[in-house]
Amino acid sequence: VPYTRTKFFTEFLTKQMCAEKMHFDWDQTFVNAELKLPNSPIVNDIPLDWLDYKKWNLIELTSSYIMLLIKCLGEGEGGLLLHCISGWDRTPLFTSLLRLSLWADGATHQNLDAREILYLTIAPV
């Protein structure tokens with residue numbers, strides 16, 4: 001799934017922007033990824049028009065991707081591979097969000113309290 005680089009979030013922080021008003025500029029020359037999803041029941045059961053992803057704000061984009069990844073984990077046949085084709089930043093972002101979401105839903109790491117799961121998620125390696 002195409003997603004913005006961490007440099008985009010630096011601008012977000014320094015300009016004290018609101019995520020609902022942030023839209024990624026998909027027309028930049030370095031953006032070469034397209035969202036291509038298979039025609040499958042997992043994807044088709046999500047009530048979203050995936051062709052509109054370039055119109056979504058940062059919250060809609062992130063939550064839609066997380067919804068897709070959680071649905072793939074829950075209903076898919078096998079595992080899930082996350083990999084950033086352009087560097088290192090998006091893979092840990094989505095891995096962290098998935099881990100926190102699954103923990104909050106009681107699906108994983110239930111022996112950890114909130115501080116421990118946060119440390120496990122964002123602590124340096």
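A residue is called partly exposed here when its relative accessible area falls between the 20% under which it would be buried and the 50% over which it would be exposed. Thr95, at 33% relative accessibility, therefore goes down as partly exposed. This threonine sits in helix α4, and its C-alpha lies 9.8 Å from that of Leu69, a residue 26 positions away in sequence. All of this comes from a predicted model, and the rest of the fold can be laid out around that helix.

Overall, the protein is built from five helices and zero strands, so reading along the sequence simply gives α-α-α-α-α. Its C-alpha atoms fit in a box of roughly 45 × 40 × 25 Å along the principal axes. Of the 125 residues, 27% are buried. As for contacts with a sequence separation of 6 or more, 48% of them link residues 24 or more positions apart.

Helix α4 packs against two other helices, α3 and α5. With α3, the angle is about 65 degrees and the axes are 10 Å apart. Angles from 65 to 115 degrees count as roughly perpendicular, so the pair α3 and α4 earns that label. The crossing of these two helices is right-handed. On the α3 side, the contact is made by Thr62, Tyr65, Ile66, Leu69, Ile70 and Leu73, which meet Phe94, Leu97, Leu98, Ser101 and Leu102 of α4. Sorted by class, that comes to nine nonpolar and two polar residues, with no charged ones at all. Leu69, the partner in the C-alpha distance to Thr95, is thus also one of the α3 residues in this contact.

The packing of α4 (residues 90-104) on α5 (residues 114-122) has an angle of about 160 degrees, again with axes 10 Å apart. Because anything over 145 degrees counts as roughly antiparallel, α4 and α5 get that description. Here too the crossing is right-handed. Ser96, Arg99, Leu100 and Trp103 come from α4, while α5 brings in Ala114, Ile117, Leu120 and Thr121. The tally for this contact is five nonpolar, two polar and one charged residues.

The loop between α4 and α5 holds a backbone oddity, His109. This histidine is not a glycine, yet its phi is positive, at about 55 degrees. Most residues other than glycine have a negative phi. The relative accessible area of His109 is 27%, which makes this residue partly exposed.

Two residues earlier in the chain are more tucked away, in the sense that both count as buried. Ser64 belongs to helix α3 and has a relative accessible area of just 4%. Apart from its neighbours within four places in sequence, Ser64 is in contact with Leu48, Trp50 and Trp56. Asn57 is found in the loop that runs between α2 (41-44) and α3 (58-75). With 10% relative accessibility, Asn57 is under the 20% cut-off and so is buried. Its side chain reaches the backbone nitrogen of Glu60 at 2.8 Å. Setting aside residues up to four places away in sequence, Asn57 touches Ala19, Glu20, Met22 and His23.

Technical notes: Residues numbered from 1 in each chain as written. Predicted model: local features only at pLDDT ≥ 70, side-chain atom pairs only at ≥ 80, totals over all residues. Heavy atoms only, no water. Helix = DSSP H or I, 4+ residues; strand = E, 2+ residues; numbered from the N terminus. Buried < 20%, exposed > 50% of the residue type's maximum accessible area, 1.4 Å probe, protein only. Polar contact = N/O pair within 3.5 Å; in protein donor to acceptor, adjacent residues only side chain to side chain. Contact = heavy atoms within 4.5 Å. Axes fitted to C-alpha atoms, helices over the stretch in contact; angles between N-to-C directions. Parallel < 35°, antiparallel > 145°, perpendicular 65-115°, else oblique. Left-handed = near helix turned anticlockwise from the far one by under 90°. Nonpolar A, V, L, I, M, F, W, Y, C, P; charged D, E, K, R; others polar.
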